[in-house]
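Okay, thanks for coming, everyone. Let me put the model up and then walk you through a few spots.

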Amino acid sequence: MALEFDQEASPRLTHDIVRWISQEYHDMNGSSIQTLESPPTAAEFAQLVHISRPVVIKGFQIPALKRWTDDYLRSKLQDQPISVAITPNGQADAIAAGPGSRLFFVEPFIEKVSMEKLLEQLNAEHDSSNFPASYLQSQNGNIYSNRFFESPNDDSSEFGALREDVPSNIPWVTEALGRNPDAVNLWIGNSNSITSIHSDPYENIYTVIRGSKHFTLLPPCEGWCLQERMYPHAVYGHTNNSNGLSVVPSSDIPQVRWSSVINPDLPGSLPPEAHPLHVTLEAGDTLYLPVGWWHYVQQSGPITIALNWWYDAEVRGMNWIWLSLLRGSGGVPSGNDETDTR
């Protein structure tokens, strides 16, 4: 006998199942984050990947931790132009209101400046809370891309002069996963710089070099709490009728699926069933952030510097399928649907 599928009951069933999974996961794992006092072996890290929960790792020593003062960065990069994200509110790659009061997923305006100019801007913004805000956050393998491992001479970088201070891979991660990083990124910002909540298809190793980073984390099974919507794409730009930055809609880029929760730390932003985790990283701390974990990142200090190594997620087996299921594969509502009350 063929199974009959009740389409009217399906949304209610899915609604109940994801909440049950979320609560079961929390009951079994709690709200604690493990801390390791020294980096794990490859075998130990493979076990952490299998468990797939965030872990703080102490004692991961790289040259950048001791060398990267303002003077050192200025002397190494000199007049080398570097790509810096500029936004009116410190939130790049985030939801913002644009023309017609519609909501857009907005990418930053990109400005080429020297390292000396960037450090000067960050200090000035921190001291006076001036906007627009500057954030070096290009996320494109700006230290090393995956091309480096195939042909090092073909992987040019704005930060080539800093490569001697940054390992191209992390031995205990590379051995455990059986692959090199897809990208190694440099992040430089200040207390105005905010990363909107999202998840990545990478195993992420995130090390703070200077300052402090404050993470709000949710497991993949609580993606339903973040109310993803579809938003038209836009970029910040300078228009003829504005001296500052304005939202400029894109004409040839598909809509973007993104969380409609602007700040998960604000009371009432998440449903009461959510179980966010909070962790602060100081200079020298490293966070293992598993694939699919949602994260919202703030920082403190006049200059905050971090590095991260993105390793491609394993898509064989069931893990990727589960992550896709937990995120939801059905139709995603428009972020500009005034009748949407969810």
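I'll go through the cores, then two helices, then a pair of loop residues.

Quick housekeeping: this is a predicted model, so local features need pLDDT of at least 70 and side-chain atom pairs count only at pLDDT 80 or more, while totals for chains, interfaces and linings use all residues. Numbering starts from 1 along each chain as its sequence is written, and side-chain values use heavy atoms, with hydrogens and water left out.

Cores, then. By nonpolar core I mean buried Ala, Val, Leu, Ile, Met, Phe, Trp, Tyr and Cys residues joined through side-chain atoms within 4.5 Å. Buried is under 20% relative accessible area, exposed is over 50%, and partly exposed is in between, with a 1.4 Å probe and protein chains only. The largest core has 50 residues, and the ones touching the most other members are Trp68, Leu186, Leu307 and Trp309. Strand β19, residues 294-312, gives the largest share, five residues; helices (H or I, at least four residues) and strands (E, at least two) are DSSP runs, numbered from the N terminus. There's also a second, separate core of 16 residues, including Val56 and Val297.

Back to Trp68 for a second. Leaving out residues up to four places away in sequence, Trp68 touches, among others, Leu162, Asp165, Arg210 and Ile305, where contact means heavy atoms within 4.5 Å.

Now helix α2, residues 42-51: which of its residues are buried? Those are Ala42, Phe45, Leu48 and Val49. Looking down the axis of α2, they fall within an arc of 110°, so they line one face of the helix; that arc is taken from the directions from the helix axis to the C-beta atoms. Ala43 and His50, on the other side of α2, are exposed. The buried residues pack against β1, β2, α6, β12 and β18. Right after α2 comes Ser52, with a positive phi near 60°.

Over to helix α7, residues 319-327, where Ser324 sits. Ser324 is partly exposed at 34% relative accessibility. From Ser324 to Pro220 is 9.2 Å, C-alpha to C-alpha, with their positions 104 residues apart in sequence. Trp322 lies in α7 too, and with a relative accessible area of 45% it's partly exposed.

Last, two non-glycines with positive phi. Asp93, at about 55°, is in the loop between β4 and β5 and is buried at 15%. Gln227, at about 50°, is in the loop between β12 and β13 and is partly exposed at 26%.
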